[in-house]
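The following exercises ask the reader to work from individual residues towards their surroundings. Each task is followed by a solution in steps.

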Amino acid sequence: MFKALVVDIDGTLTDKKRAINCRAVEALRKLKIPVVLATGNISCFARAVAKIIGVSDIVIAENGGVVRFSYDGEDIVLGDRSKCLRALETLRKRFKVELLDNEYRKSEVCMRRNFPIEEARKILPKDVRIVDTGFAYHIIDANVSKGKALMFIADKLGLDVKDFIAIGDSENDIEMLEVAGFGVAVANADEKLKEVADLVTSKPNGDGVVEALEFLGLI
Ligand SMILES: O=C(O)COP(=O)(O)O
Ligand SMILES: [Mg+2]
């Protein structure tokens with residue numbers, strides 16, 4: 001009954017050290033439905049991961065700020081990076097900010113997790129928000145989320161967003177789980193994500209992905 005799957009990368013297919021779970025990779029390869037990867041990471045990283053896992057080359061990158069429909073296609077930018085760069089200047093006045101992959105980002109700003117995020121939230125302008133993926137902080141356009149990007153993709157593919165199962169681990173996955181037809185939080189997920197999930201797996205990371213796919217009768 002579900003027609004497609006969207007799955008987060010870090011903390012979901014990978015563990016804390018970013019090592020990929022090979023059981024999850026094999027399970028995803030076996031699926032008969034399209035698998036879309038959705039990550040806070042940059043588009044070229046997402047595409048490379050999709051390619052080597054062997055899933056569809058439709059990807060959501062930069063927390064929904066960038067989507068791409070094919071490996072050799074073009075990035076579609078859904079977020080306004082200028083808002084994020086302005087917000088970055090506000091943060092820089094208060095914290096020592098270290099940027100990550102700045103030269104490749106098209107819609108957002110990514111930073112090392114080395115300052116108090118709650119303090120940052122208090123001073124950021126309202127046209128952006130800051131999300132903690134457990135791997136990095138991201139300043140994203142307030143109009144952007146993995147959930148909105150998923151709706152955009154579903155529409156282009158002629159699917160209903162409710163046809164998707166979504167699996168994730170952190171707060172940047174909340175909207176994606178909310179809009180999907182069935183949301184899964186892996187055992188290591190943030191409490192906030194578990195609250196919006198239809199299923200919380202007993203196993204963490206990739207083992208949780210396999211558990212969810214078995215639960216849904218997909219493998
Ligand atoms: O790039 C990050 O911060 C992690 O991203 P992901 O968990 O959405 O894959
Ligand atoms: Mg994640």
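The model is predicted.

**Exercise 1.** Determine which residues outside its immediate sequence neighbourhood are in contact with aspartate 8, and establish whether aspartate 8 is buried or exposed.

*Solution.* Step 1: set aside the neighbours within four places in sequence; the contacts of aspartate 8 are then Leu13, Ala38, Thr39, Lys146, Ile167, Gly168, Asp169, Asp173 and Met176.
Step 2: locate the residue, which belongs to strand β1, residues 4-8.
Step 3: apply the cut-off for buried residues, under 20% relative accessible area. Aspartate 8 has 3% relative accessibility and therefore counts as buried.
Step 4: inspect the side chain, which forms a polar contact of 2.8 Å with the side chain of lysine 146.
Step 5: consult the record; an unreviewed UniProt entry places the feature "active site" at Asp8.

**Exercise 2.** Identify the protein donors of the magnesium ion (ligand 2) and describe where they lie in the chain.

*Solution.* Step 1: list the donors, namely Asp8 (OD), Asp10 (O) and Asp169 (OD), which lie 2.1 to 2.2 Å from the magnesium ion (ligand 2).
Step 2: write their spacing in sequence as D-x1-D-x158-D.
Step 3: place two of them. Aspartate 10 is in the loop between β1 and α1, and aspartate 169 is in the loop between β9 and α6 (174-179). These two residues are 159 residues apart, and the pair links distant parts of the chain.
Step 4: consider accessibility; both aspartate 10 and aspartate 169 are buried.

**Exercise 3.** Explain why strand β7 is described as largely enclosed, and state how β7 pairs with strand β8.

*Solution.* Step 1: β7 covers residues 128-132, and four of its five residues are buried, so the strand is largely enclosed by the rest of the structure.
Step 2: β7 pairs with β8 (residues 137-141) in the antiparallel sense, over five bridges.
Step 3: as an example of a bridge, valine 131 has histidine 138 of β8 as its partner.
Step 4: four residues lie between the strands of this hairpin, where glycine 134 has a positive phi near 90°.

**Exercise 4.** Determine how many residues of helix α8 are buried and which elements they pack against.

*Solution.* Step 1: α8 spans residues 205-215, and eight of its eleven residues are buried.
Step 2: among these buried residues are Val209, Val210 and Leu213.
Step 3: the buried residues of α8 pack against β1, α1 (22-30), β9 (164-168), β10 (182-185) and β11 (199-200).
Step 4: after α8 comes glycine 217, with a positive phi near 70°.

Definitions and conventions:
Residues numbered from 1 in each chain as written. Chains lettered and ligands numbered in written order. Predicted model: local features only at pLDDT ≥ 70, side-chain atom pairs only at ≥ 80, totals over all residues. Heavy atoms only, no water. UniProt positions renumbered as here; feature names shortened; annotations may be inferred. Buried < 20%, exposed > 50% of the residue type's maximum accessible area, 1.4 Å probe, protein only. Contact = heavy atoms within 4.5 Å. Polar contact = N/O pair within 3.5 Å; in protein donor to acceptor, adjacent residues only side chain to side chain. Pairing = 2+ DSSP bridges. Donors = N, O, S within 2.8 Å, 3.2 Å for Na, K, Ca; no water.
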